[in-house]
Amino acid sequence: MLERIVEAAFRHRAFVAIIALVGAVAGIAALVDLPVDAFPDTTPVQVQVNTVAPALGPEEVERQITFPIETAIGGLPGLENVRSVSKFGFSQVVATFAEGTTIYDARQLVFEEVGGVELPDGIEPPSLGPIATGLGEVFHYLVSSTDSTRTLEEIRTLHDSIIKPELRRVPGVAEVNSWGGFEKQYDVTIDPAALLAYHLTLDDLVRALEENNRNVGGGTLAVSGEELLVHGIGRLETIADIEQVVIASHDGVPVRVAQVASVGVGHGVRRGAVVANGRGETVLGLAFMLMGENSHDVTRRLAARLEEIRSALPPDLQVEVVYNRSDLVDHVISTVRHNLLFGALFVVAVLFFLLGSFRAGLIVAITIPLTMVLTALSMRDFAIAASLLSLGALDFGIVIDGSVVMAENHMRRLAERARVLGRAPDSGERARIIVESSREVARPVFFGMLIIALVLFPVLMLEGTEGKLFRPMALTLMFALAWALLISFLLTPALSHWFLQRLPAERPSAFMRGALALYTRVVAAALHRRRATLAAVIVILIATGIIAARRGSEFVPRLSEGSMVVNVVRLAGISIDESVEYNTRIEQLLLDAFPDEIEHVWSRTGTAEVATDPMGTELTDIFLTLKPRKEWTKAKTQDELTEQVTALLEDLPGQTFAHSQPIEMRVNEMVAGVRADLGIKVYGDDFDELVRISNDIQLLL
């Protein structure tokens, strides 16, 4: 069968060449449009259910909110596990679904069940987290003011009313989150003595404010053939409006809010804060990418829209991008492009050197770019992004194997036939020789490539995080092998017929003759001393086995992201203001110690507006974006810099530090619920006993 395929392709070689050209054009278009990312998205399909309950403590939140929600979604199809966090005033339940479940189906199932949960009075309905994954946090920017009189509440209000709505409209954005600052609200501070003097209660004041802060529609009224809208407008908009609200009448005189309370601008319960570059508090914006989107395109669109927004902001307001996933993606793709280019050039150089024929080298070399663009076509159809693991899996030495065997056999058979005939074969003879020589090696070429592809099949059977990480790599290499095999069977014989010299060199190159002579002597010596050869092989095998056993293992090499995260844990119950002071000092310490390494540093304490990461006030993430490596003076690698940062911070009292990277931290947290490489969870009903056991485990570790 293989021989017939080769013969049929050669017979219609012009058609095959046209198809190859069309495929190359389509592949180039696919390569240009191929989604790019730094790392395969390994996080599972998860749905977050967030509920805010300002009046409830952690145990009440657990009993009255978290547990009923967990129970409601417990039997959903495809549900693998449920974990939750219950804090003062906040509950988060995270449902993880089996692979193959779409995020929209999962959200619909959760939404339907959560909607039927009965919650305590006064609790707002639960909300679902953004449609994003652990790698969805792709864009961070700081909002600050050069005007010292502008308050954090004003900065937060400008961000939420101008910047956030505009960025939220960018295609591919799932959510824009606000972190830090103060959320504006109007506070009514009651004078108890005045209430008693007018024989009023707190309920009277609350009821008056509620009833006087709404609009009422009264239908329509027809007048002289014209329809008029009847609409009562009663929304309170200013402090004066609130002060003039009538609570009741006392001796026929209306009693207003201003007579029993003072009204002013305040802020809501504060659950988080942000400090940046050692200069104090600021407001942080975070943009989340929709699941399945191209991070490179989304971040570029966000940056472009942010530039458009600047003109609509007050002159004193500054917006500074401090983290852009495109920077990492560009660096990774540049590295992959460099490696692929130089790898291809090296393979081509070796081809020319070993084959001893410039034309034969070109025939084989054309397999590399053609395979590359056709593989991009398959990657696009199978929704595989171009990343460090997928494109980095391509091995051009393996890819060209079939074409090398084909072209070399064509040269050899043409040279042998020319020696027998005493002249160059004519066109018909060349065609028959190339077909015969192709049929000779078709079977070994096919099975050689098939064996390599079969080795990759177990990788396709991996599940969970391992499968999402390594399946794209295996599929990419299998696509490349399949296309390379087709090229060697269908296109290489036609190219040999058209472009190989009429009288190929009969003898191999001087290098190949020398290598063959050396190989012959080594094989002869090994056969002559068979026992010694076998003993040497056994000794080498044992030695390498011992070395390999002591080398240790790692799931995957750490990707140097060009950014660092320092996770800080302080004593429980610490106030936000105290954490802000600590963070400011730490940032100043880092900037003074590493001025040539650190470009930006900002600290996130507590929880953002949309609590995708429900930290307590005792937890802080300190983000550091780094300058280009060539500017560093204190360290040569990111690992060295991490060690130096650790040594600098480890002596600070009252807090512990752990080091990670933005993507690494988010993936760990989304998959396991903890940020560290190792987490130990203790289950039970007695909370005090759980605390005692966890303290014992901490001491043992």
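Colleague: Which residue takes a positive phi in the hairpin of S13 and S14?

Modeller: That's Asn 277, with a positive phi near 55°. The hairpin has 4 residues between its strands. Bear in mind that this is a predicted model.

Colleague: How do you know that S13 and S14 pair?

Modeller: Pairing needs at least two bridges, and 2 bridges join S13 to S14 (residues 281-289), running antiparallel. For example, Val 274 has Thr 282 as its bridge partner in S14. S13 is also joined to strand S17 (residues 598-606), antiparallel again, by 5 bridges. There, Gly 272 has Gly 606 as its bridge partner.

Colleague: What makes S13 mostly covered?

Modeller: 5 of its 5 residues are buried. Gly 272, Val 274 and Ala 276 sit on one side, Ala 273 and Val 275 on the other, so with buried meaning under 20% relative accessible area, both faces count as covered.

Colleague: Why is Phe 511 called partly exposed?

Modeller: Its relative accessible area is 41%, and partly exposed lies between 20% and 50%, so the label fits. Phe 511 is in helix H18, and belongs to a nonpolar surface patch with Phe 346, Val 350, Phe 353, Leu 354 and Met 512. Together they have about 550 Å² of accessible area. Helix H11 (325-355) gives the most to the patch, with 4 residues.

Colleague: And Glu 175: is it buried or exposed, and which side chain of opposite charge is nearest?

Modeller: Glu 175, in strand S6, is buried and has no salt bridge. The nearest side chain of opposite charge is Arg 168, 4.0 Å away. Glu 175 also touches other residues, including Pro 130, Lys 164 and Val 610.

Key:
Residues numbered from 1 in each chain as written. Predicted model: local features only at pLDDT ≥ 70, side-chain atom pairs only at ≥ 80, totals over all residues. Heavy atoms only, no water. Buried < 20%, exposed > 50% of the residue type's maximum accessible area, 1.4 Å probe, protein only. Lys, Arg positive; Asp, Glu negative; His and termini not counted. Contact = heavy atoms within 4.5 Å. Patch = residues over 30% accessible without salt bridge, like charges linked within 9 Å, V, L, I, M, F, W, Y side chains within 5 Å. Areas by Shrake-Rupley, 256 points an atom, 1.4 Å probe, with all protein chains shown as cover. Lists of a residue's contacts leave out its neighbours within four places in sequence.
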